[in-house]
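Student: I would like a close look at a single part of this structure. Please take me through the charged pairs and the contacts of one chain, and then place that chain beside the others.

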Amino acid sequence: MAQVLDAVKEADPATGAVTPAERTARRKSLLNWIAVHSLGVAAALFFVLPFVFLVLTSLMNGQQALTRDLWPHPFEWSNYQRVFDTDGFLTWWKNTLLYAGLGTVLTVVSSLPVAYALAKFRFRGRHLSLMLVISMMMLPPQVVVIPMYLFWAKQLDLSGTLWPLIIPMAFGDAFSIFLLRQFLLTIPNEYLDAAKVDGCGELRTLLKVVVPMAKPGIAAVALFQFFYAWNDYFGPQIYASENPAAWTLSYGLESFKSAHHTDWNLTMAATVLVMAPVILVFFFAQKAFVEGVTLTGVKG
Amino acid sequence: MTTYTLRAKRRRSALRTAAFMSPWLIGFCVFFAYPLISTVYFSFTSYDGFTAPEFSGLKNWAFVFNDYPLFWPALRNTLWLVVVMVTCRVVFGLGVGLLITRIKTGAGVFRTLFYLPYLAPPVAATLGFVFLLNPGTGPVNSILGELGLPTPGWFTDAAWSKPALTALAVWGVGDLMVIFMAALLDVPKEQYEAAELDGATAFQRFRFVTLPNISPIIMFAVVTGIIQTMQYYTQPFVAGKVASGVMGGSGQQFEPGYPDKSTLTLPQVVYNLGFQRFDYGSACVVALVLFVLAMAFTTLLMRRRSGLIQAGE
Amino acid sequence: MSGNRRKTAAAFAATAALSLLASACTGQSDSGSSDDPSKETTITFWHGWNSPTEVAGIQASVDAFQKAHPNIHVKVVGDMTDDKVNQALRAGGSNAPDVVSSFTTNNVGKFCSSKAFTDLNPFLKKDGIDPDKTFPKAMNEYTQFNGVRCTVPLLGDAYGLYYNKDAFEKAGITRPPRTWSELAEDAKKLTKTKGDSYERLGFMPNYHGYETTTEHYLGAWDPKYFDADGKSNIAKDPSFAAMLTTQKKLVDDLGGYEKLEKYRTSFGDEWGAKHPFHTGQVAMQLDGEWRLGMAEATKPKFEIGVAPMPVADDEADTWGKGYLTGTIAGIAATSKKQNAAWELVKFMTTDTDAVVNFANAIHNVPSTLAALKSPKLKYDPRFKTFLDIAANPKSTTTPPSVNGGAYLTSLQNLGFDIEKGKQKDVKAGLENTAKEIDAAIAQAK
């Protein structure tokens with residue numbers, strides 16, 4: 001807004017002598033400002049309106065959600081209570097937190113040393129390893145799902161649990177390794193050399209020097225991994241679908257729809273409740289997240 | 001320095017490297033190499049999960065390519081999605097990125113708003129879109145109807161289901177926006193100033209300054225977009241399942257692809273063969289096709305964007 | 001928690017000592033187990049129901065069982081689709097079910113031929129139950145495959161025609177249609193257009209009109225899906241071409257595929273209160289027996305009539321028959337408590353009172369001959385129509401096949417192509433689809 005006022009004020013002929021050329025330029029920049037910001041508002045509507053509709057529908061009663069009304073009357077706040085009272089909803093929360101929380105910790109702990117080695121050690125096969133990491137990162141999970149499923153279910157009797165999804169995270173995650181490596185590359189070697197001069201081994205250097213400096217990178221990796229687990233649908237569908245006690249929110253949400261048929265208001269309330277934590281986390285950790293996205297593509 | 005100590009040092013450093021790399025080395029063997037070899041092996045066997053796998057030569061391959069009705073539609077859909085969805089996402093992502101670098105007032109707010117949909121969990125976002133685009137009662141068709149515009153069947157119409165999925169993908173374009181934004185801010189200011197002095201129009205500045213500078217990023221966005229399309233599973237599966245209404249109650253089995261195989265993708269075909277038909281051998285055939293395609297584009301990515309891995313060498 | 005930790009430890013140990021392709025070698029353990037059903041034990045029972053009244057109905061049945069067998073505890077898990085059942089039967093293990101019920105008979109062939117379900121004949125013989133004298137004929141057939149009886153019927157479904165009596169009266173139609181020609185005529189009379197859409201449609205013929213699928217329509221003909229060699233018969237039996245052509249003609253007569261499909265998108269959900277038949281958007285609906293209870297529960301503004309479904313014109317004398325299917329129950333071959341599991345299956349499927357009470361609770365057709373005659377059976381007089389359809393010897397069902405319901409899916413896909421005009425040559429379409437079905441069966445063998 002301030003910009004508009006400035007532009008208007010500057011263009012005011014009473015404030016002093018303004019040449020016609022300057023006036024045209026200012027008028028042009030004002031028009032430009034209006035054009036850019038109207039486009040911005042239009043785009044914002046595109047991005048935000050779906051959320052608005054979802055939230056509004058989640059507050060309607062069942063009848064109204066099936067009509068063409070857009071505004072709830074009356075507001076049914078109890079929809080949210082009813083979602084929480086659904087059998088299993090709290091279990092899905094618990095399972096999702098376990099999968100996302102434990103998975104994230106395991107991923108960071110197991111990926112960091114690998115990323116460090118790939119970024120800072122010189123060894124034969126380093127380039128090949130990196131290629132393989134990238135290949136694994138790009139590999140659709142469905143490529144290996146048949147043998148993996150048979151392995152977990154038939155050999156280890158772990159179908160109906162989330163362990164087949166959590167345990168692999170203790171063995172490094174390709175995407176996290178790659179992202180951390182990109183970040184660690186930006187840490188100047190001088191810091192590491194200094195630590196070694198002080199007599200630190202590689203492990204001490206990693207823990208005492210690299211980790212504190214790499215906190216933003218680690219935060220980004222942790223967030224990505226947390227969101228990945230939170231959003232994962234295919235994994236729980238394959239391994240946990242047969243046991244409702246192991247369902248996660250993403251998987252449970254889809255079954256919630258099937259149990260509630262056309263109760264779109266309840267389904268939308270559940271949808272909002274699944275989206276909300278992700279968005280809250282984002283607001284607290286926006287910077288780390290955006291940095292992470294940038295890191296994956298740009299700072300090579 | 002004697003050769004002996006040099007060798008000892010080398011061995012120590014090799015051990016150290018192995019120790020640091022060990023989590024991934026184990027992970028690579030157990031969760032990548034072993035299952036990949038198994039997938040190849042299973043693709044040549046008949047295996048239904050009950051009786052031990054039996055070698056069957058190329059039977060599964062012939063079945064998938066000649067007789068299995070879902071394979072080619074899935075491949076055609078993937079091609080459609082690669083051409084239309086990836087293009088739309090890149091164009092839209094670039095557009096929004098350009099817009100956000102020009103917004104002077106409230107840029108932070110706009111950026112957050114533009115980015116948020118990318119974070120919406122896929123199942124939740126898909127459910128939301130199926131509701132928004134519900135042909136009969138959804139808000140989008142209500143508004144289109146009020147305006148006297150056509151009201152398509154979206155997720156229930158084979159001609160509109162992929163465009164509806166594209167709308168969903170474009171809605172979550174936040175990741176590309178951020179990447180393009182960073183790239184746009186990296187374009188040297190002097191080049192713009194020089195172009196302006198030469199009297200270049202806004203379009204010419206974009207065409208001759210912006211585009212050449214960010215073309216590697218566009219390439220990156222396109223190739224990763226293609227690879228993501230190969231993996232595209234949750235959104236089309238959930239959208240098809242919810243829109244078909246075949247769920248619960250009747251006990252009917254949902255075959256992915258509703259309506260009329262129009263939302264099928266290769267990962268869903270793997271699911272259908274492996275976890276609905278329980279023909280593990282044929283599922284592995286499709287898994288391998290998926291593997292070859294994904295690897296081909298990954299190689300392209302590593303070639304074209306060698307910057308991705310060269311830094312720090 | 002300790003169990004989980006143990007499993008985790010086991011997983012680590014196993015991944016460390018990984019043997020290539022080890023996963024390929026587990027065969028099926030021998031069926032039959034020696035558990036003592038009079039001892040204290042817990043069994044897991046999976047079913048597919050998910051609406052509250054149905055879940056309460058099945059729970060009441062299980063509660064009655066537990067009263068009679070206090071030593072057998074039953075862990076009930078609902079909302080389980082056939083996909084999940086199939087997967088769990090393969091995986092076996094601690095989370096797998098002992099007793100399974102499934103809504104569709106489509107997978108019986110797969111369940112029996114793969115030995116996923118244990119053969120129930122020894123159990124039936126041991127308890128002196130003769131299936132031929134216990135279950136109605138069609139139900140008896142769809143619960144076995146190639147002589148292996150691996151399931152028993154747990155209530156049944158019969159399909160008939162629902163019609164809006166008020167609309168019939170206003171249109172001057174005196175009785176429900178008995179042949180497809182009459183159906184088409186009445187549907188046209190009952191249809192009221194509005195603008196480029198409908199105010200009311202006489203009948204929604206499109207295959208996506210909920211229960212109006214190819215296999216349900218075919219109940220009006222006399223289809224033979226497979227020949228003696230087990231090959232698809234759909235290109236040879238004229239019933240199939242006749243059905244596909246008749247449906248397509250009705251679609252065209254009522255306004256065409258596009259227009260009907262557009263109207264269909266204004267329909268509520270099949271299982272919700274806004275079902276188009278409840279709201280009066282369509283005047284006739286081909287549907288299962290459960291619709292009566294569901295429709296009446298929404299207090300519709302018209303009187304509901306029930307009749308057998310119309311039959312093919314050249315089979316007018318067979319009017320009264322219908323399409324039959326039902327829920328089935330079986331015992332997992334991986335179960336280690338098969339004797340206790342059998343006690344539950346026996347109670348739920350053969351105890352007359354249990355069957356009657358469950359049928360009363362969820363408004364389905366009882367699945368034993370004794371229960372069909374039981375005086376305790378409570379039903380709306382109109383429901384008798386469905387009991388008669390179920391007892392009609394000309395009523396048909398879809399045969400089990402080694403790869404489950406895949407052949408029905410293939411046929412349905414052909415139907416979709418024909419109704420929208422994508423496939424114009426019905427004969428060629430049937431021939432191609434027959435090839436597709438044969439290839440899929442060959443692949444599954």
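Tutor: What follows is a walk through chain C, with a shorter look at chains A and B after it. This is a predicted model, in which local features need pLDDT of at least 70 and side-chain atom pairs count only at pLDDT 80 or more, while totals for chains, interfaces and linings use all residues. Residues are numbered from 1 along each chain as its sequence is written, chains are lettered from A and ligands numbered from 1 in the order in which they are written, and side-chain values use heavy atoms, with hydrogens and water left out.

Begin with the division of chain C. Its domain 1 covers 39-157 + 324-391, and its domain 2 covers 159-323 + 400-444; these bounds come from an automatic or database domain assignment. The C-alpha centres of the two domains of chain C are 28 Å apart. Their contact (heavy atoms within 4.5 Å) takes 21 residues from domain 1 of chain C and 25 residues from domain 2 of chain C.

The size of an interface is often given as the accessible area lost when the parts come together. Here domain 1 and domain 2 of chain C bury about 1,800 Å² between them, with 64% of it on carbon and sulfur atoms. Buried area is the accessible area (1.4 Å probe) that two parts lose on being put together, summed over both. On the domain 1 side of chain C, the residues that lose the most area to domain 2 are C:R382, C:F386 and C:I389, together 34% of what that side buries.

One salt bridge is counted between these two domains of chain C. The term stands for a side-chain nitrogen of Lys or Arg within 4 Å of a carboxyl oxygen of Asp or Glu. C:R382, already named for its lost area, also forms a salt bridge with C:E296, at 2.9 Å from N to O.

Next, take other charged pairs in chain C. C:D127 and C:K346 form a salt bridge whose closest N and O atoms are 3.1 Å apart. This pair links distant parts of the chain: C:D127 sits in the loop between helix 5 (121-126) and helix 6 (131-134), and C:K346 in helix 15 (residues 338-350), 219 residues apart. Helices (H or I, at least four residues) are DSSP runs, numbered from the N terminus.

How covered are such residues? Buried means under 20% relative accessible area, exposed over 50%, and partly exposed in between (1.4 Å probe, protein chains only). C:D127 is partly exposed at 30%. In the salt bridge of C:D130 with C:K133 (3.9 Å, N to O), C:D130 is partly exposed at 33%, and C:K133 is exposed at 66%. C:D227 and C:K236 also meet in a salt bridge, at 3.4 Å from N to O. There, C:D227 counts as buried because its relative accessibility is 18%, whereas C:K236 is exposed at 58%.

Chain C also shares charges with chain B: a network of salt bridges links B:D260, C:D417, C:K420 and C:K422.

Finally, turn to chains A and B. Their contact takes 99 residues from chain B and 103 residues from chain A. Together they bury about 8,800 Å², 78% of it on carbon and sulfur atoms. In chain B, B:F20, B:W24 and B:F31 lose the most area to chain A, together 9% of what that side buries. Two salt bridges are counted between chain B and chain A. A:E254 and B:K241 form a salt bridge, with the closest N and O atoms 3.5 Å apart. Over all chains, the structure holds 26 salt bridges.

Technical notes. Helices (H or I, at least four residues) and strands (E, at least two) are DSSP runs, numbered from the N terminus.
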